[in-house]
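Got the viewer open and a selection tool ready? Let's take a walk through this one, stop by stop.

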Amino acid sequence: QRVRGSLQVGLSRPGRVRIDAVAPFGAPIFVLASDGRTTTLVLPREQAVVRDATVAEVLDALIQVPLTADDLASVMLACPRASVDSDQSRLLPGGDVSAADAGGVTSFARVAPAPRLLGMLFPVSGQRARQIAIAFAPGGPGRRQIDVEVGAPAAAQLRMTLSDVESGAMLGDEAFVAVVPPGTRGM
């Protein structure tokens with residue numbers, strides 16, 4: 001099924017994320033918020049809420065991409081978890097390099113003519129997917145494209161175009177807590 005939408009995303013390490021699926025009018029489609037300890041998914045249009053699930057479990061249910069909040073930050077910020085210019089990095093044919101972190105996430109980068117992250121490979125132990133492959137493509141000024149394939153062969157594909165990216169903004173703790181309206185039923 002093909003779906004198109006707009007998201008407002010706020011990320012802060014460790015483990016803090018907020019994703020609002022904005023609608024052209026009315027209430028958001030969903031709000032996912034995690035302060036690093038508690039994760040809440042609010043579906044305002046259905047007056048429903050999901051609690052006591054991890055960010056990875058919620059993202060898996062929504063878009064079949066079971067990434068943690070910190071993994072999501074690495075992807076959205078194009079910031080590999082393992083340094084590709086360390087002693088543990090490997091030189092690949094064509095001059096690209098790769099490096100894996102302790103969790104088995106491999107980052108691939110091009111070092112010439114200028115350093116640029118090409119992709120990341122996340123191992124997954126879920127039933128639907130064995131890996132999540134992320135590919136980064138350059139965009140115009142202030143824009144970046146991220147392609148996500150889940151599974152091998154791809155069981156799901158996701159293309160994100162980032163715009164209006166702002167890093168270094170200070171987000172208060174309240175940004176990572178979802179407000180659950182009265183009368184909302186649990187799921």
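Before the first click, one term: a salt bridge here is a side-chain nitrogen of Lys or Arg within 4 Å of a carboxyl oxygen of Asp or Glu. You're looking at a predicted model, so mind the thresholds: local features need pLDDT of at least 70, side-chain atom pairs count only at pLDDT 80 or more, and totals for chains, interfaces and linings use all residues. Residues are numbered from 1 along each chain as its sequence is written, and side-chain values use heavy atoms, with hydrogens and water left out.

**Stop 1: the whole thing**

Show everything as a cartoon. You should find two helices and 13 strands; helices (H or I, at least four residues) and strands (E, at least two) are DSSP runs, numbered from the N terminus. Of the protein's 187 residues, 36% count as buried. Buried means under 20% relative accessible area, exposed means over 50%, and partly exposed is in between, using a 1.4 Å probe and protein chains only.

Switch on the surface if you like. Its accessible area comes to about 11500 Å², and carbon and sulfur atoms own 53% of that. These areas come from the Shrake-Rupley method with a 1.4 Å probe, and for residues only the protein chains shown count as cover.

**Stop 2: the sheet with E1 and E2**

Now pick out the strands E1, E2, E3, E4, E5 and E13. In that order they make an open sheet of six strands, with mixed pairing. Two strands pair if DSSP finds at least two bridges between them. Which strands sit at the edges? They are E1 and E13, each pairing on one side only.

Zoom in on E1, residues 6–12, which pairs with E2 in the antiparallel sense over seven bridges. Ser12 stands opposite Arg16 in E2. Three residues lie between the strands of this hairpin, where Gly15 takes a positive phi near 70 degrees.

Select E2 itself, residues 16–22. Five of its seven residues are buried, so the strand is largely enclosed by the rest of the structure. On to E3, residues 30–35: E2 pairs with E3 in the antiparallel sense too, over six bridges. Click Ile19 and look for its bridge partner in E3, Leu32. Arg18 has a partner there as well, standing opposite Ala33.

While you have strands on screen, turn on the side chains. In a regular strand they alternate between the two faces of the sheet.

**Stop 3: the salt bridges**

How many salt bridges does the structure hold? There are four, and we'll visit some of them.

Stay on E2 and select Arg16. Arg16 bridges to Asp173, with the closest N and O atoms 2.8 Å apart. Zoom out to see how far along the chain that reaches: Asp173 is in the loop between strand E12 (156–163) and strand E13 (185–186), 157 residues from Arg16. Arg16 counts as buried because its relative accessibility is 16%, while Asp173, at 54%, counts as exposed.

Go to Arg18 next. Arg18 forms a salt bridge with Asp20, and the closest N and O atoms are 2.9 Å apart. Arg18 is partly exposed at 22% relative accessibility, and Asp20 is buried at 14%.

Then jump to Asp147 and Arg159, whose closest N and O atoms are 2.6 Å apart in another salt bridge. Asp147 lies in strand E11 (residues 143–150) and Arg159 in E12, so the pair ties together parts that are twelve residues apart in sequence. Is Arg159 buried or exposed? At 57% relative accessibility, Arg159 counts as exposed, whereas Asp147 is partly exposed at 22%.

**Stop 4: helix H2 and the core**

Select H2. Seven of its eight residues are buried, leaving the helix mostly covered; among them are Ala69, Leu72, Val75 and Met76. H2 lies across E1 and E2, running at about 110 degrees to E1. That angle runs from 0 to 180 degrees between N-to-C directions, with axes fitted to C-alpha atoms, for helices over the stretch in contact (contact means heavy atoms within 4.5 Å). Just after H2, check Ala78, which takes a positive phi of about 50 degrees.

Last, the nonpolar core: a set of buried Ala, Val, Leu, Ile, Met, Phe, Trp, Tyr and Cys residues joined through side-chain atoms within 4.5 Å. The largest one has 33 residues, and those touching the most other members include Val75, Met120, Phe122 and Ile132. H2 (residues 69–76) gives the most to this core, with four residues. For a final click, a second, separate core of five residues includes Ala33, Val42, Val49 and Ala178.
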